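Below are my notes on the sheet and on one of its strands. Please read them with the structure open.

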Amino acid sequence: MASTEGDHREEEEAPHNEDEDTGAQIAPIVKLEEVAVTTGEEDEDSVLDLKSKLYRFDKDGNQWKERGAGTVKLLKHKETGKVRLVMRQSKTLKICANHLVLPTMSVQEHAGNDKSCVWHATDFADGELKDELFCIRFGSVENCKTFMEMFQEVAESQKKKEENKDATAAAGLLEKLSVEEKKTEDKAKEE
C-alpha cells in the first residue's frame, strides 16, 4: 500500500501545464480602433523635465494646498519661441499647472525649505485664467537650484525677445515715416 500512496503523491505534485492548448477559439467582442492622442506638446521642445510636487496657496483657508505630484516641464514653442511651464500628475496625467513664463516673473527660494521655491503666475490649468501663488518642492536641493536657474534664464530670454519685438516694430514705423516723408518731398519737387 505504500507504493500506491507514493504514486498518488506524484500525481498531486506534477505541475499542470496552464499554457496547454485546448483548441477553443475566442473572438473579441469589441473591435478597438487605434486613436492618435495629442498632448498639445507636439510643437514644443522640452527645456527642463523634473519630478516634483506642486502646491498652490489658498487665500480663503490661508494655507498651501497640494495641486499634484508629477513632472514639471519648461516647453519652448518651435515657431514662436515662447516658453510655458506645464506640470502633469504622474498617474492620471491631469494638468496641475499650465502658464507662460513671462519676463515679469521671478522665482524665489521658499523660506521654510531649501528644496522648494515660490512664484506667482496667471495659470490656465483649470480651463480659466486665474492668479495663483505656486510652491514647488523637489527631491533634492540640486533639482531646485536647476529649476530656479532655468526659470530665471527663460524669463530673461523672454524679456530680450519682447525688447527685440518692440525695437523691430519701432524700426518699421520709422522706416514707414521716412518713406512717406520722401514721397511728400518728391511731390513737392514735382510741383
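In what order do the seven strands form the open sheet?

1. The model is predicted. In it, the strand order is E4-E3-E2-E1-E7-E6-E5, and the pairing is antiparallel. E4 and strand E5 (108-109) stand at the edges, each with a single partner strand, so one side of each has no neighbour in the sheet.

2. Strand E3 covers residues 83-89. Six of its seven residues are buried, which leaves the strand mostly covered.

3. On one side, E3 pairs with strand E2 (residues 63-77) through seven bridges, in the antiparallel sense. Two positions help to fix the register: Leu74 stands opposite Leu85 of E3, and Gly70 has Gln89 of E3 as its bridge partner.

4. The connection between E2 and E3 is a hairpin with five residues between the strands. Within this turn, Gly81 has a positive phi of about 80°.

5. E3 is also joined to strand E4 (residues 95-100), by five bridges, and these two strands run antiparallel. Here Arg88 stands opposite Ile95 in E4.

6. E3 and E4 likewise form a hairpin, with five residues between the strands. Leu93 in this hairpin takes a positive phi near 60°.

7. Which residues should be checked for backbone conformation in the two hairpins? Gly81 is the one to look at between E2 and E3, with its positive phi of about 80°, and Leu93 in the hairpin of E3 and E4, with a positive phi near 60°.

Methods. Residues are numbered from 1 along each chain as its sequence is written. This is a predicted model: local features need pLDDT of at least 70, side-chain atom pairs count only at pLDDT 80 or more; totals for chains, interfaces and linings use all residues. Side-chain values use heavy atoms; hydrogens and water are left out. Buried means under 20% relative accessible area, exposed over 50%, partly exposed in between (1.4 Å probe, protein chains only). Helices (H or I, at least four residues) and strands (E, at least two) are DSSP runs, numbered from the N terminus. Two strands pair if DSSP finds at least two bridges between them.
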